[in-house]
Structure formats: structure tokens, C-alpha cells
Amino acid sequence: MIRKLAWLYIDRRRLLCARTDGRKTFYVPGGKPEAGESDLDALAREIREELGVSLIPLSLAFHGHFEAPADGKPGLVVAVDAYEGRCDGTPAPSGEIAELRFLTASDAAPVSAVTRLILDSLKADNVID
């Protein structure tokens with residue numbers, strides 16, 4: 001199992017998703033915690049590295065836990081703890097991120113299996129279109 005954290009940034013009823021260099025699939029921004037790192041510290045570090053913004057700690061709230069087959073890794077499952085919250089500044093591609101796109105549940109952009117679960121959950125909660 002691969003454990004990851006995700007930041008749910010919603011603007012105008014759309015979820016911010018990212019695509020890394022050399023890939024076609026979009027996913028929810030975030031990453032893996034390092035040894036001894038809390039979930040929120042790890043998420044803040046990953047978002048700063050990937051999107052160049054600082055999360056506002058008091059705005060972060062746990063949204064849910066999602067599990068799905070890992071993309072490109074047969075037999076592995078990715079487990080994602082997702083947090084919704086705000087940031088200082090405007091997210092922009094940084095580091096390994098090639099593109100950012102705001103998506104709704106009905107957008108046809110290729111997304112990872114766990115991102116699809118998150119989009120569907122947000123749609124069911126009437127948070128995104």
C-alpha cells in the first residue's frame with residue numbers, strides 16, 4: 001500500500017488537480033509523508049514544493065479517506081487522506097508539476113483512480129459540479 005496525503009482546493013465549484021512532467025494523468029496535489037512528519041506538516045511541505053503556496057493551517061479540515069488501485073503499479077493500492085483548506089497566494093506549477101487544471105466531476109480529463117473517487121465524493125457532497 002502507498003500512503004499519500006491530498007489537498008482539496010476548491011474554487012468556483014471545481015477541484016484543483018495537477019499533472020506531473022511526462023504524464024497525462026491528473027491527480028489531487030499532495031504527496032507522501034516523511035518519517036516523523038505529521039500529516040499536516042507533510043501536506044504543507046508537499047504543497048509548498050509543488051505549487052509554491054503556503055497552506056493556512058487553521059483552515060485545514062479532514063475530508064475523507066480514499067483507496068484505489070495505484071496508477072502504473074499493478075497490485076498496489078494507494079490510500080489517500082484528503083484535507084480541504086485554503087492557502088496564501090495563487091497555486092502555480094513548480095518542481096515536477098507541469099500543469100494545473102480545475103476540474104469538475106464530469107470533466108473528461110484523464111485522472112487517477114483515487115482522484116476519480118475524490119471527485120465523485122465532492123460531487124455527491126454538492127461541493128463541486
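Me: What makes a run of residues count as a strand here, and where does Arg 13 lie with respect to the strands?
Reply: A strand is a DSSP run of type E with at least two residues, and the strands are numbered from the N terminus. In this predicted model, Arg 13 lies in the loop between S2 and S3. Arg 12 lies in that loop between strand S2 (10-11) and strand S3 (14-20) as well.

Me: Why is Arg 12 called exposed, and why is Arg 13 called partly exposed?
Reply: A residue is exposed when its relative accessible area is over 50%, buried when that area is under 20%, and partly exposed in between. Arg 12 has a relative accessibility of 63%, and therefore counts as exposed. Arg 13 has a relative accessibility of 30%, which falls between the two cut-offs, so Arg 13 counts as partly exposed.

Me: What is the sign of the phi angle at Arg 12, and what is the sign at Arg 13?
Reply: Arg 12 has a positive phi of about 50°, although Arg 12 is not a glycine. Arg 13, which is not a glycine either, has a positive phi of about 65°.

Me: How do you know that S1 pairs with S8, and in what sense does S1 pair with S5?
Reply: Two strands pair if at least two bridges are found between them. Seven bridges join S1 to strand S8 (residues 77-84), and these two strands run parallel. Within that pairing, Arg 3 has Ala 79 of S8 as its bridge partner. S1 and strand S5 (residues 30-31) are joined by two bridges in the antiparallel sense, and there the bridge partner of Ala 6 is Gly 30.

Me: What makes S1 mostly covered?
Reply: Strand S1 (residues 2-8) has seven residues, and five of them are buried.

Me: How do you know that the length of helix H1 agrees with its number of residues?
Reply: Helix H1 (residues 39-51) has 13 residues, which at 1.5 Å a residue should span 18 Å, and its end C-alpha atoms are indeed 18 Å apart, so the two values agree. Several residues of H1 are buried, among them Ala 42, Leu 43 and Ile 47. Just after H1, Gly 52 takes a positive phi of about 70°.

Me: What makes the buried residues of H2 line one face of the helix?
Reply: The buried residues of H2 are Val 114, Thr 115, Ile 118, Leu 119, Ser 121 and Leu 122. Seen down the axis of H2, these buried residues fall within an arc of 160°, so they line one face of the helix. As for its length, H2 (residues 113-124) should span 16 Å with its 12 residues, and the end C-alpha atoms are 17 Å apart, which agrees.

Me: Why is the pair of Phe 62 and Tyr 83 called edge-to-face?
Reply: The structure holds three aromatic pairs. In the pair of Phe 62 and Tyr 83, the ring centres are 5.4 Å apart and the planes stand at 70°. Centres must lie within 6.5 Å for a pair and planes over 60 degrees apart count as edge-to-face, so both values meet their cut-offs. Because Phe 62 lies in strand S7 (residues 61-69) and Tyr 83 in strand S8, the pair ties together parts that are 21 residues apart in sequence.

Me: Why is Phe 62 called partly exposed, and why is Tyr 83 called buried?
Reply: Phe 62 has a relative accessible area of 49%, which is not over 50%, so Phe 62 is partly exposed. Tyr 83 has a relative accessible area of 11%, which is under 20%, and therefore Tyr 83 is buried.

Terms used
Residues are numbered from 1 along each chain as its sequence is written. This is a predicted model: local features need pLDDT of at least 70, side-chain atom pairs count only at pLDDT 80 or more; totals for chains, interfaces and linings use all residues. Side-chain values use heavy atoms; hydrogens and water are left out. Helices (H or I, at least four residues) and strands (E, at least two) are DSSP runs, numbered from the N terminus. The expected span of a helix is 1.5 Å times one less than its number of residues. Buried means under 20% relative accessible area, exposed over 50%, partly exposed in between (1.4 Å probe, protein chains only). The arc is that of the directions from the helix axis to the C-beta atoms. Rings of Phe, Tyr and Trp (its six-membered ring) pair if their centres lie within 6.5 Å; planes under 30 degrees apart count as stacked, over 60 as edge-to-face and the rest as tilted.
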